[in-house]
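Please open the model in a viewer and keep the selection panel at hand. The tour below proceeds from stop to stop, naming what to select and what is found there.

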Amino acid sequence: MTPANQFLLDAAQWLLLGAFASYLVAFLLYVSGTLGRRISGGTRFTRTPGHGTVANVIGVVLHGLAILARWQGSGFWPTSNMYEFIGFMAFSSMVAFLVLHGMYRLYVLGALVTPVTIALLAYSYVFPPEVTPLIPALQSYWLPLHVSLAALGEGFFAVAFGAALLYLLRVRGMEIAQARAVSEAAAGMETAAPMAGAAPMAGAAPGVAAESRWERIWGVRLLEIVFYLILVLLGFTVLALFFRYAGFQWIFNNGMTTYHLPPIIGPYGAEVGEKGTILGIPLPTVVVPFGWRGKHLNTLLYSVVIGAFLYGFIRRFVARGRIGDALALRVTADPELLDEISYRAVAIGYPIFTLGGLIFAMIWAKEAWGRYWFWDPKETWAFIAWLVYSAYLHFRITHGWEGRRSAWLAVLGFGVILFTLVGVNLLIVGLHSYAGGDL
């Protein structure tokens, strides 16, 4: 395919790089402003987070121009593959954040949502950025309607995830601080008891114990799992980008399969050790049987290992304990406001996602394949995500679910979104497999 305008395609890449730099500057300004104000007691760095928002606005403008330039340069709406879709989802998440930031002016939320946008944009570069011809199934006006609205809804879900995660950290931090205060008070009473003839105060603050019992058993562990999964995505992204742009590749089956990561797990038809060794390990070390997606299992293996390494390193040498607890003590936002922002983000994103991700998708499926629904893996997992957010709104509105329960549903919903986006495309073959990438 000859691009309609190579100059515009090149300009889109430079604009996207500028947007990435702006988001990165915004993140640094949010973090430095938030920590600086806390350390100085609110006397310094008061305007720094506001500068972070300005940087994010600049990033969104550059990102939007990049999307328009790629659209005009390629001749079709740029959401046809994983590289384009994830980039558009990153754009949507920042647009959603700026909409909600205009309503609530909570800068600490930018310190979490901005790195989500950065991570999504960086992850998009794992996939080939080249423009390829649209397959017949995508040559429809439903492409921008279905995919763009689905991505925009997911952008609001990303903000809901950020606010919900901050809420969980905040209430966890409050409980840790309260438990420490109770422990210190009890220690003081024990010291004074022999002199006063009083017995030590046992079972102080039963409300805290009753409130955090489930949290101590499962909530704390679930938070650690969330941070491990975040590190899986971040670690794999960095590793994959290094090997791809360093020019590494291993070709199997006469050019039919190309790996950009060292092939520990080889494709069907390969032979153990045929690509030599790395650190004494034969490449590939094992070969999958017929019908298995060896390259994507290889990707999964690296993701799990690099995530475990990063999690162990940060927990041992940086956090010196649970990562969630270390972060919880540094979040100072109003938990009720965070809970409200998460709810508002879901309330805005839900109808947008319903319209684009389900209704328009079914109409397009009927036109393209003759049926409204196929139970394709990606359709199924998108429907599961929709059910999670439906449950969130149902229990919130009719049963008054607030706080931790709704926050965990928001985290779960975005987890399903990410699995639909990443796991289904990379590990499961279906009607949407054309949207996958080359890893």
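Begin with the internal spaces: four cavities of 30 Å³ or more are counted. A cavity here is a set of points on a 1 Å grid over the protein atoms alone where a 1.4 Å probe fits but cannot get out; grid points are joined across faces, edges and corners, and a volume is the space filled by probe spheres set on the points. The second largest cavity holds about 140 Å³. Select Leu16, Ile67, Arg70, Tyr83 and Glu84, which are the closest to its centre among the 13 residues that line it; a lining residue has an atom within 4 Å of a point. Helices α1 (6-39), α2 and α3 each give two or more residues to this lining. Helices (H or I, at least four residues) and strands (E, at least two) are DSSP runs, numbered from the N terminus.

The model is a predicted one, in which local features need pLDDT of at least 70 and side-chain atom pairs count only at pLDDT 80 or more, while totals for chains, interfaces and linings use all residues. Residues are numbered from 1 along each chain as its sequence is written, and side-chain values use heavy atoms, with hydrogens and water left out.

**Ser80 and Glu84**

Keep Glu84 selected and add Ser80, in the loop between α2 and α3 (82-104). The side chains of Ser80 and Glu84 are joined by a polar contact of 2.8 Å. The term denotes a pair of N or O atoms within 3.5 Å; within protein, one must be able to donate a hydrogen and the other to accept it, and residues adjacent in sequence count only if both atoms are side-chain atoms. Is Ser80 buried or exposed? Ser80 is buried, with a relative accessible area of 9%; buried means under 20%, exposed over 50%, and partly exposed in between (1.4 Å probe, protein chains only).

**The patch that includes Trp71**

Next, display the surface and select Val57, Val61, Leu65, Leu68 and Trp71, which make a nonpolar patch of about 410 Å². Patches consist of residues with over 30% relative accessible area and no salt bridge, like charges being joined within 9 Å and nonpolar side chains (Val, Leu, Ile, Met, Phe, Trp, Tyr) within 5 Å. The areas come from the Shrake-Rupley method with a 1.4 Å probe, and for residues only the protein chains shown count as cover. Trp71 belongs to helix α2 (residues 48-74) and is partly exposed, at 34% relative accessible area.

**Salt bridges between helices**

Seven salt bridges are counted in the model, each being a side-chain nitrogen of Lys or Arg within 4 Å of a carboxyl oxygen of Asp or Glu. Select Asp325 and Arg172, whose closest N and O atoms are 2.9 Å apart. Asp325 is in helix α8 (residues 323-328) and Arg172 in helix α5 (residues 142-196), 153 residues apart. Both residues of this pair are buried. Add Arg322 to the selection to show a network of salt bridges that links Arg172, Arg322 and Asp325.

Stay on helix α5 for Glu175, which meets Arg404 of helix α11 (residues 404-427), 229 residues apart. The N to O distance in this salt bridge is 2.8 Å, and Glu175 and Arg404 are both buried.

Then select Arg315 and Glu224, a salt bridge with its closest N and O atoms 3.9 Å apart. Arg315 lies in helix α7 (residues 294-318) and Glu224 in helix α6 (residues 206-245), so the pair ties together parts that are 91 residues apart in sequence. Arg315 is partly exposed at 33% relative accessibility, whereas Glu224 is buried at 7%.

**Backbone exceptions**

Most residues other than glycine have a negative phi, and most peptide bonds are trans. Select Leu279, in the loop between β4 (277-278) and β5. Leu279 is not a glycine, yet has a positive phi of about 55°; its relative accessibility of 85% makes it exposed. Move on to Pro284, in the loop between β5 (281-282) and β6 (286-287). What joins Leu283 and Pro284? The link is a cis peptide bond, with omega about -10°.

Finish at Trp375, in the loop between α9 (335-369) and α10 (377-398). Trp375 also is not a glycine and has a positive phi of about 55°, and this residue is exposed at 55% relative accessible area.

Conventions: 1 Å grid on protein atoms, 1.4 Å probe; cavity = no way out; pocket = protein on both sides within 12 Å on 5 of 7 lines; lining within 4 Å.
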